[in-house]
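Student: Got a minute to go through a structure with me? I'd like to start with the ligand.

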Amino acid sequence: MQTLAGRTALITGAAGGIGLALARKAAAEGMRLVLGDIDGPALDAAAEALREEGAEVVTRVADVRDPAAHAALDTAAREAFGAVHLLVENAGIGSAGSVLGGDLADWKASLDINLYGVLHGLRASVPGMIAHGEPAHVVTVASLAGVTVNAGMGPYTVAKHGVVTLTETLRDELKLGGHAERVGTSVFCPAWIKTNIAGAVKARLKGDGVERAPDPMRDAVSKFVQSAVSEGMSPAAAADAVFDAVRARRFWIFTHAESGPAIRRRMARMLADAPDPQPEPEPAD
Ligand SMILES: NC(=O)c1ccc[n+]([C@@H]2O[C@H](COP(=O)([O-])OP(=O)(O)OC[C@H]3O[C@@H](n4cnc5c(N)ncnc54)[C@H](O)[C@@H]3O)[C@@H](O)[C@H]2O)c1
């Protein structure tokens with residue numbers, strides 16, 4: 001989609017972090033904004049700041065786990081501005097835990113928000129984007145974790161792999177339906193971006209009332225993520241990368257130099273079809 005000015009962007013999880021940076025970038029491009037987030041006060045504050053910068057903004061408190069919330073966002077966009085041109089399924093949470101020791105509540109929260117949240121959003125808005133006949137583009141926010149494997153981060157990694165595959169599937173279905181010329185797709189796979197994602201995890205673990213069993217891998221990964229995010233790329237630079245890809249109609253959006261080598265290592269292991277490099281010793285007969 002080359003022309004952005006005057007068109008409408010619908011962004012989930014837009015009250016902070018990457019979502020807010022995307023909203024700010026869309027406004028700077030002259031787009032009208034429809035913003036959703038579960039955090040009403042933070043969403044109001046974000047909208048106020050964007051309006052002061054001259055943006056046209058409509059907001060809805062929307063929990064991405066709820067298909068009806070996506071429908072309400074889509075309706076709000078059509079009523080206020082006529083159509084959705086850029087859909088960004090961004091809302092998400094961090095979630096660590098080992099396969100055997102992690103809490104099922106964390107697996108469920110991650111899959112419900114990070115994966116089903118995206119699926120619900122696509123189903124609510126993409127049919128209208130196909131039908132309105134104007135150029136349109138769908139961006140899902142996955143992660144580098146959506147194409148790599150990360151011990152201790154299963155709940156997040158599995159959900160983000162799902163988002164990547166879901167988006168590839170949508171791209172191919174749009175192609176088969178004859179819509180891909182007009183409705184572009186991209187999947188955003190950033191590495192570390194400096195947001196409050198780790199702080200939000202801490203707050204959730206403290207406040208959700210779940211009694212978690214000890215999981216040293218979860219604790220180690222959470223600590224590592226917190227430090228990596230605090231030294232991450234700026235959300236504004238991440239938003240620039242997304243908009244460059246939308247303009248260029250690029251499907252894959254990566255942000256960091258280490259992404260390519262990390263993907264190549266995984267693919268090489270997959271294609272080598274070799275025995276595990278560190279096999280357990282065979283028991284003596
Ligand atoms: N920060 C990173 O290093 C990084 C790296 C890769 C991918 N991502 C992805 O980027 C996206 C944005 O993350 P961020 O880093 O800006 O985090 P963030 O915590 O700063 O922002 C996330 C936003 O989503 C909202 N949100 C959370 N649960 C929601 C729900 N159920 N319904 C609606 N809104 C909800 C929050 O209120 C918040 O405003 C996420 O999908 C995340 O997985 C982040």
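Tutor: Sure, we'll take the ligand site, then a pair of helices. This is a predicted model, where local features need pLDDT of at least 70, side-chain atom pairs count only at pLDDT 80 or more, and totals for chains, interfaces and linings use all residues. Residues are numbered from 1 along each chain as its sequence is written, and side-chain values use heavy atoms, with hydrogens and water left out.

Student: Which residues come nearest to the ligand?

Tutor: Ile18, Asp37, Tyr156, Ile193 and Thr195, out of 29 around it; a residue is counted if one of its heavy atoms lies within 4 Å.

Student: And which polar atoms lie by an oxygen or nitrogen atom of the ligand?

Tutor: Asp37 has a polar side-chain atom 2.6 Å from a ligand oxygen, and Asp63 has one 3.0 Å from a ligand nitrogen. Both are polar contacts, meaning pairs of N or O atoms within 3.5 Å.

Student: How much of the ligand does the protein bury?

Tutor: 92% of the 830 Å² that the ligand exposes when taken alone, with areas from the Shrake-Rupley method and a 1.4 Å probe.

Student: Switching to helices: at what angle do H1 and H8 cross?

Tutor: Roughly 60°, with the axes of H1 and H8 (residues 235-248) coming within 8 Å. Helices here are DSSP runs (H or I, at least four residues), and axes are lines fitted to C-alpha atoms over the stretch in contact, with angles from 0 to 180 degrees between N-to-C directions.

Student: Does H1 have a part in the ligand shell, and which helix joins in?

Tutor: H1 (17-28) and H5 (154-176) each supply at least two shell residues.

Methods: Polar contact = N/O pair within 3.5 Å; in protein donor to acceptor, adjacent residues only side chain to side chain.
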